[in-house]
Each structure stands twice: as structure tokens, then as C-alpha cells.
Amino acid sequence: MSILISNNLVKQGPLVQAKYSVGNRITMSWNTAAHVEVEGIYLSNQLEFDESQSARLEAHIDLEAASVTRTQSPGRNYYHLKFNDGSVSTIYDRMINTDGVINFRDMGGYLTEDGRTTRWGALLRSADLHELSEQDLHIAGTLDIDWICDLRSDFEVAKRPSPAMGKAINTNIPFMAEANPEDMEKIGLDLNAGYKAMMMNTEKCSLILHELLQEGRYTSLFHCAAGKDRTGVVCALILLTLGVPRDVVIEDYELTNLAVDELMKRFLADSKDYMDHMPELMGKTREIPEMMKANFIQASLEAIDENYGSFDRYLHEGLGVTEEERTILKNKYLV
């Protein structure tokens with residue numbers, strides 16, 4: 001992840017890159033001129049840096065890198081790096097903290113192959129929204145979500161319905177609802193095959209990209225049950241369409257590992273329904289597989305190459321997205 005936030009109140013700091021790791025750690029790195037060092041790292045819920053309204057964090061700081069333990073205060077958080085030349089760099093915390101929504105995060109800040117960056121606050125992803133608290137609904141209101149794309153089956157929607165979220169239009173696009181029992185059994189037994197099948201679900205993939213082209217689709221939230229498999233494939237598709245490199249797409253996919261503990265609790269709490277109705281997660285053995293492996297999403301990318309030879313051909317021939325439409329999506333979701 002890399003992002004540079006303009007801040008009119010203080011001198012602009014250098015470009016900062018951030019990486020998440022197990023143990024709830026975030027590591028930030030930068031390049032600066034000689035003798036320019038980080039004096040402190042601050043956390044706040046405001047994009048603009050105000051030292052009096054920010055909490056200074058305990059951090060291990062080197063010349064060109066620092067690491068801190070993420071403080072999961074509610075809603076959107078920002079890290080401000082204050083340098084000894086008076087400049088400040090600010091980065092978003094990709095994770096959005098709520099009481100009831102698991103695996104809620106932003107796909108902004110990713111560099112594309114043409115040098116642009118995915119827009120912060122425009123493309124969001126999460127697990128289901130059934131357990132949104134009143135505070136969560138307030139947080140969601142600050143995100144100004146226009147469209148929610150629910151990828152779950154009819155059964156899942158009935159079992160865990162989503163509450164209304166402000167002005168957001170909620171569209172249910174059951175991503176694998178048309179799969180026959182044999183195909184669903186294969187998905188349960190072989191997640192690699194399942195991911196390939198999802199990426200080759202060209203009708204639904206095309207529908208989702210064309211929905212993003214509609215007027216009023218400026219801030220969109222994509223989710224399934226865990227925000228993992230179906231959401232992972234759809235979000236990979238969107239990022240690739242915008243020109244995000246494959247290795248970064250895989251990196252974004254693997255961030256669900258940060259939510260594994262909470263996802264496991266949910267699966268175990270409602271395991272019978274998940275086992276009976278979500279074979280893509282459980283399989284015949286009724287065992288919960290390892291949550292996130294890079295080779296799962298890699299399999300979906302391989303399916304593109306195997307069937308179309310390139311992503312461009314898949315996009316144009318498989319999904320019917322024209323180059324003009326792709327340009328519109330890029331201009332809409334990139335800065």
C-alpha cells in the first residue's frame with residue numbers, strides 16, 4: 001500500500017508505504033533526504049494533522065522505516081508521520097473498525113501500472129452486514145456509500161439480512177447461485193477449482209463491472225458472507241480492470257488473514273448452516289480449510305490466462321467491457 005495525502009496546513013512529507021502483518025502490526029517505509037528523520041507517529045480520526053487532537057504512538061523508528069501496533073479505534077483511522085524538517089505524511093489505515101462487520105477494508109491507495117492510484121473511500125469490501133450496531137451505522141454514514149453489492153445466495157440473505165445503510169442502494173447479485181450441485185461439490189473439495197469457476201462466471205462478472213459504470217456509483221461496498229472467496233474474486237477483478245498489478249491484487253486478497261480469528265468465530269457459531277449451505281467453504285469433510293492462501297486467488301488469475309490468454313482479452317471478449325468503458329472506470333476510480 002502506498003499513498004501520499006495532500007495537507008494544506010503543514011509541509012508535505014515524503015511518500016510513505018505501509019504493510020500489514022500478523023500480530024496487528026503495520027510497518028511504514030519512506031525515502032528522505034539526509035538528516036530528515038521521523039520525530040513521531042500519531043494516530044487520529046481526522047485526515048488533516050492536528051497534533052493536539054492526535055495520539056502519539058509507541059513506535060520502533062529507524063532512518064527509513066517504522067513499525068507500530070495498530071490501535072483499532074472505531075471507524076476510519078489515519079497515521080501521521082511527523083518529520084524533523086516540519087513536514088508531515090499521512091496515510092489511511094486500510095482497515096475500517098466496527099463492532100459488527102468483519103473484514104471491512106478500503107481498496108484505495110494501490111498504485112496502478114500507468115502510475116495512478118486507486119481512489120480512497122470509493123471501493124470498499126467486507127463480510128456480511130447483519131450485525132451492524134448503531135455506532136457501526138453511524139460510521140457507515142460517514143463513508144457516504146452509494147451502492148452495496150451483496151454477493152450472497154438467497155438463503156444467506158434470508159438468514160442474515162442486511163440493515164438499511166443511509167442512502168445506499170442494496171443490490172443482491174448471487175454470485176454462484178446458478179452453479180449446479182456437482183459444480184458446488186467440486187468447489188467444496190477443491191478451492192482452486194472453485195476460484196477458477198468464480199472468475200469464469202463471466203455473466204455475473206460483466207454485470208458487476210457494468211453496474212460500476214452507472215451514474216451514482218461513486219462509493220461502492222462489496223460483500224459476501226466472510227468477505228473472502230466471492231468478494232475476493234470480484235475485488236480482484238475490479239482492481240485488475242483498473243490496472244493494479246497482479247502481485248498487489250494478491251496482496252490485497254491476503255489481507256483477509258488479519259480477520260481470520262473473527263471469521264473463525266462466526267463460522268463456528270453458526271457452523272451447521274455454513275456447512276449445509278456454503279460448500280465452497282466447508283467441503284465434504286466438514287472441516288474449515290485454511291482461510292487465505294495466495295494460490296487460491298492465483299488460480300482464478302490462471303483461469304483467465306488458460307481461457308483467454310490475457311486479462312485484456314478476458315475483459316473485452318469474455319465480459320464485453322469495451323476499452324472506452326474501461327477508461328471510464330479508470331477515470332472514475334483512479335486519481
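In strand β8, the bridge partner of I61 is A66. This pairing belongs to a predicted model, in which local features need pLDDT of at least 70 and side-chain atom pairs count only at pLDDT 80 or more, while totals for chains, interfaces and linings use all residues. Residues are numbered from 1 along each chain as its sequence is written, and side-chain values use heavy atoms, with hydrogens and water left out.

The residue I61 lies in strand β7 (residues 60-61), which pairs with β8 in the antiparallel sense over two bridges. Two strands are said to pair if DSSP finds at least two bridges between them. Strands (E, at least two residues) and helices (H or I, at least four) are DSSP runs, numbered from the N terminus. A hairpin of three residues links β7 to β8. Strand β8 (residues 65-69) is also joined to strand β4 (residues 25-30), by five bridges and in an antiparallel arrangement. Here M28 is the residue that stands opposite A66 of β8. A66 thus appears in both pairings, facing M28 and serving as bridge partner to I61.

From these strands, the view can widen to the whole chain. The protein contains 13 helices and 15 strands. Of its 335 residues, 53% are buried, a term for a relative accessible area under 20%, with exposed meaning over 50% and partly exposed in between (1.4 Å probe, protein chains only). Among contacts with a separation of 6 or more, 68% are between residues 24 or more positions apart; a contact means heavy atoms within 4.5 Å.

Two open sheets can be followed strand by strand. One has five strands in the order β2-β10-β9-β5-β6, with mixed pairing. Its edges are β2 (11-12) and β6 (55-56), each with a single partner strand, so one side of each is left without a neighbour in the sheet. Within this sheet, strand β9 (residues 78-83) and strand β10 (residues 87-92) run antiparallel and are joined by five bridges. Y78 stands opposite Y92 in β10.

The other open sheet also has five strands, ordered β11-β12-β15-β13-β14, and its pairing is mixed. β11 (105-106) and β14 (169-172) are at the edges; each has a single partner strand, so one side of each lacks a neighbour in the sheet. Strand β13 (residues 147-150) runs parallel to β14, with four bridges between them. One of the matched pairs is W147 with its bridge partner I169 in β14. In a regular strand the side chains alternate between the two faces of the sheet.

The cysteines come next. The structure holds zero disulfides, where a disulfide is a pair of cysteine sulfur atoms within 2.5 Å. For C149, the closest cysteine sulfur is that of C235, at 9.0 Å, which is too far for a bond. C149 counts as buried, at 0% relative accessibility. C224 is likewise in no disulfide, its nearest cysteine sulfur, in C235, being 8.8 Å away. With a relative accessible area of 2%, C224 is buried.

Helix packing completes the picture. Two packed helices are described by the angle between their axes and the distance between the axes. Axes are lines fitted to C-alpha atoms, for helices over the stretch in contact, and angles run from 0 to 180 degrees between N-to-C directions. Helix α4 (residues 191-199) packs on helix α11 (residues 294-308) at an angle of about 50 degrees, with the axes 8 Å apart. That makes α4 oblique to α11, since angles under 35 degrees count as roughly parallel, over 145 as roughly antiparallel, 65 to 115 as roughly perpendicular and the rest as oblique. The crossing is right-handed, meaning that the near helix is turned clockwise from the far one by less than a right angle, whereas anticlockwise would be left-handed. Residues in this contact include L191, Y195 and M199 of α4 and F296, I297 and I304 of α11.

Helix α7 (residues 246-254) also packs against α11, their axes coming within 9 Å and crossing at roughly 140 degrees. These two helices are therefore oblique to each other, and α7 passes α11 in a right-handed crossing. R246, I250, Y253 and E254 in α7 meet α11 residues including F296, I297 and I304.

Elsewhere, helix α5 (residues 202-212) and helix α6 (residues 230-241) pack at about 55 degrees, with axes 11 Å apart. This makes α5 oblique to α6, and their crossing is right-handed. The meeting residues are C205, I208, L209 and L212 from α5 with V234, L237, I238 and T241 from α6.
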